[in-house]
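User: I'd like a close look at one part of this chain, and then how it sits in the rest. Here's what I have open.

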Amino acid sequence: MGELDVFTHQTLFEHMYKNAPIGIAFLTPEGRWISCNPAVCRILGYSEQELRTLTPDRLRVEGESDLEEALLDELLDGMRTSFEIEKKYLHQSGRLVWTSLHVSLAREEASGEPMFLIKQIIDITASKLAEIKLQESIERYTSLKKYNHDAIISVGLDGNIINGNRMVQQLTGYTIEELAGTSIARLIGRENLERILADTLDYTAVEQSIQVLQHKNGGTTEVLATLAPIIIHNKTTGFYIIAKDMTEQKRLLIEKEAAEKTNKAKSEFLAMMSHEIRTPMNGVIGMTDLLFETRLDMEQREYVQIIKNSGHTLLSIINDILDFSKLESGRSELIEEPCNIRAILSETISLILPKALQKNLEIKTSVSPDIPHLMLGDQMKLKQVLMNLLSNAIKYTPNGAVSVAVHCKNREKDKVRLQFEVRDTGLGVPKEKVAYLFEPFYQVDHFMTRNAEGTGLGLAICRKLVQLMDGDIWYEAGRDQQGSTFLFTAGFRTHPEALADDADGGDHELDGGRIRILIAEDNDINTLVLKRVIEKLGYSATVVSNGAEAVDAAIRHAYDLIFMDVQMPLMNGLEATKAIKAMSAEGSCPYIVAVTAHAIKGDREKYLAAGMDEYISKPISMDAVSGIIEQFLALRKAP
């Protein structure tokens with residue numbers, strides 16, 4: 001035996017027992033731990049003493065099958081001498097341990113009675129996890145290939161089809177069994193196969209040349225093809241041909257082009273209708289403003305007021321239809337600009353306050369103090385939503401109060417979400433009609449009996465505007481169905497820096513006689529309205545009837561302010577503005593205001609980009625003209 005004679009068998013066993021990488025444990029036939037080597041402690045995370053106190057259930061993984069118990073019964077009954085299974089244990093840290101478990105039973109030689117179980121435990125967690133990941137990868141690949149919406153065909157270097165997914169069958173009419181082992185040329189043509197198998201393979205050229213797949217019935221399916229190599233052990237062993245069915249895409253493309261043409265025609269129609277309707281409306285409303293400045297008896301003043309109110313109602317209906325059409329066609333976009341919620345609310349309340357006072361309604365406002373002073377958002381769209389909701393609240397509230405509350409719903413990083421509540425003490429909305437509130441052209445009161453005018457588009461426009469602002473809008477009934485509450489949310493971005501209030505307390509009133517004003521307008525009624533409005537404001541104006549005359553007048557006289565109609569004969573307003581800007585010395589160019597019946601979104605930006613300084617739309621009101629003149633005076637007086 002040589003050197004082994006130095007050691008007894010007992011010493012040799014103890015050495016192997018303590019140093020073996022395999023866990024060895026002795027357990028009673030009932031499953032209680034008697035002894036174990038250090039490897040078991042390392043695998044399971046418990047000390048030998050702790051294991052002796054543990055019940056078998058402590059190491060059991062929930063949901064694990066009872067296979068080991070069944071095999072142990074067979075082992076104890078003498079039906080087998082040992083067994084080997086894969087078993088999961090719960091580590092002391094709580095993680096799962098995968099093991100290869102070999103169990104045998106030691107019996108007394110004389111009686112054959114069971115003495116103890118011998119468990120040999122090998123930690124196979126690492127290899128098992130690798131196996132699971134490999135299996136998951138295979139299953140993901142199989143699922144990707146099987147359920148992909150594109151046809152995937154694997155082809156060997158001999159040009160024969162190896163396999164394909166179910167979309168191949170759908171696009172070609174062949175089963176995979178029919179295709180396997182046959183040449184791919186039957187689907188893509190001989191020339192394309194030769195290009196794929198060529199030594200100098202140009203993937204892009206081949207992909208572009210495969211435009212159809214041949215169908216079993218003799219037809220073809222239009223496809224968009226992608227070619228990818230199959231690489232195993234760094235060696236190309238074949239190719240994948242991935243073909244996307246373009247039939248539906250081409251149909252959608254044709255429909256998209258048709259829709260774009262329809263939208264373009266719709267936009268052009270809206271622009272034309274806006275111009276054609278607003279031009280005569282300018283005369284109606286403008287002349288009523290001028291009539292009010294003349295000597296009228298009470299009866300005449302009443303009649304003029306009716307004409308003016310009717311004109312404004314008609315204009316409001318036109319605006320609703322145009323707004324809804326813009327939103328429906330997807331041409332309305334958010335304009336991100338600094339927003340002061342408190343100022344926006346104040347301005348909106350001031351506009352609807354006269355109607356509220358006429359009905360003796362109380363107006364209440366509340367703005368949460370945690371709302372930032374300044375944010376970035378579209379204040380015009382926000383004002384429009386608030387104006388619609390407040391106007392409705394006043395319209396349907398015979399007495400009591402209308403309140404507006406603004407809360408900060410949530411705030412994270414650079415985003416702020418606000419919630420607005422417009423509450424009234426009015427008539428409320430019947431429960432069965434709430435679901436239709438935000439539908440276009442819907443009104444709560446029947447068209448034959450309703451008391452309020454309008455198109456029924458206000459709330460539909462509100463919903464689309466709120467959605468555009470990344471928010472939602474809904475209705476809540478008041479207590480006992482009395483009154484209504486409309487709530488909506490809107491998203492804003494926090495302003496990068498706190499800007500100081502741009503309050504200008506300077507005196508902008510200058511001597512009106514020093515302002516030289518030119519009106520360029522080809523419509524006689526519009527000319528008369530604008531000229532009289534300017535005169536009523538204390539100024540005088542010269543009139544020309546086309547763009548060419550405007551340019552000539554600007555050359556002869558140094559005008560300070562030009563109201564330039566956009567559509568005029570001989571030379572339009574845009575061309576005239578460009579000519580005047582080009583010939584004016586630096587600092588001496590007149591302030592040119594675009595005057596147009598167009599009121600489609602983007603018109604103002606278009607005219608400012610063309611060189612004009614400001615924009616007003618017809619019908620022209622005295623307030624609008626006054627605001628333009630005050631704006632010009634403020635700029636002239638600014639240092």
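Which strand does Thr494 lie in? Walk me through its surroundings, please.

Analyst: Thr494 lies in strand S17, which covers residues 484-494. Keep in mind that this is a predicted model. As for how covered the residue is, Thr494 comes out at 16% relative accessibility, and since buried means under 20%, it counts as buried. Leaving aside residues up to four places away in sequence, Thr494 touches Leu376, Arg411, Lys413, Asp414 and Val416.

Now for the wider chain. Of its 639 residues, 40% count as buried, Thr494 being one of the buried residues. Among contacts with a separation of 6 or more, 58% are between residues 24 or more positions apart. The chain exposes about 36400 Å², with carbon and sulfur atoms supplying 53% of that. In secondary structure terms, you're looking at 20 helices and 22 strands.

If you'd like a sheet to look at elsewhere in the chain, try the open one built from five strands in the order S7-S6-S10-S9-S8, with antiparallel pairing. Its edges are strand S7 (161-164) and strand S8 (212-214), each of which pairs on one side only. From one strand to the next, the twist averages 40 degrees. Within that sheet, strand S6 (residues 151-156) and strand S10 (residues 235-245) run antiparallel and are joined by six bridges. For a spot to zoom in on there, take Val155, which stands opposite Phe239 in S10.

Technical notes:
Residues are numbered from 1 along each chain as its sequence is written. This is a predicted model: local features need pLDDT of at least 70, side-chain atom pairs count only at pLDDT 80 or more; totals for chains, interfaces and linings use all residues. Side-chain values use heavy atoms; hydrogens and water are left out. Two strands pair if DSSP finds at least two bridges between them. Helices (H or I, at least four residues) and strands (E, at least two) are DSSP runs, numbered from the N terminus. Axes are lines fitted to C-alpha atoms, for helices over the stretch in contact, and angles run from 0 to 180 degrees between N-to-C directions. Buried means under 20% relative accessible area, exposed over 50%, partly exposed in between (1.4 Å probe, protein chains only). Contact means heavy atoms within 4.5 Å. Accessible areas come from the Shrake-Rupley method with a 1.4 Å probe; for residues, only the protein chains shown count as cover.
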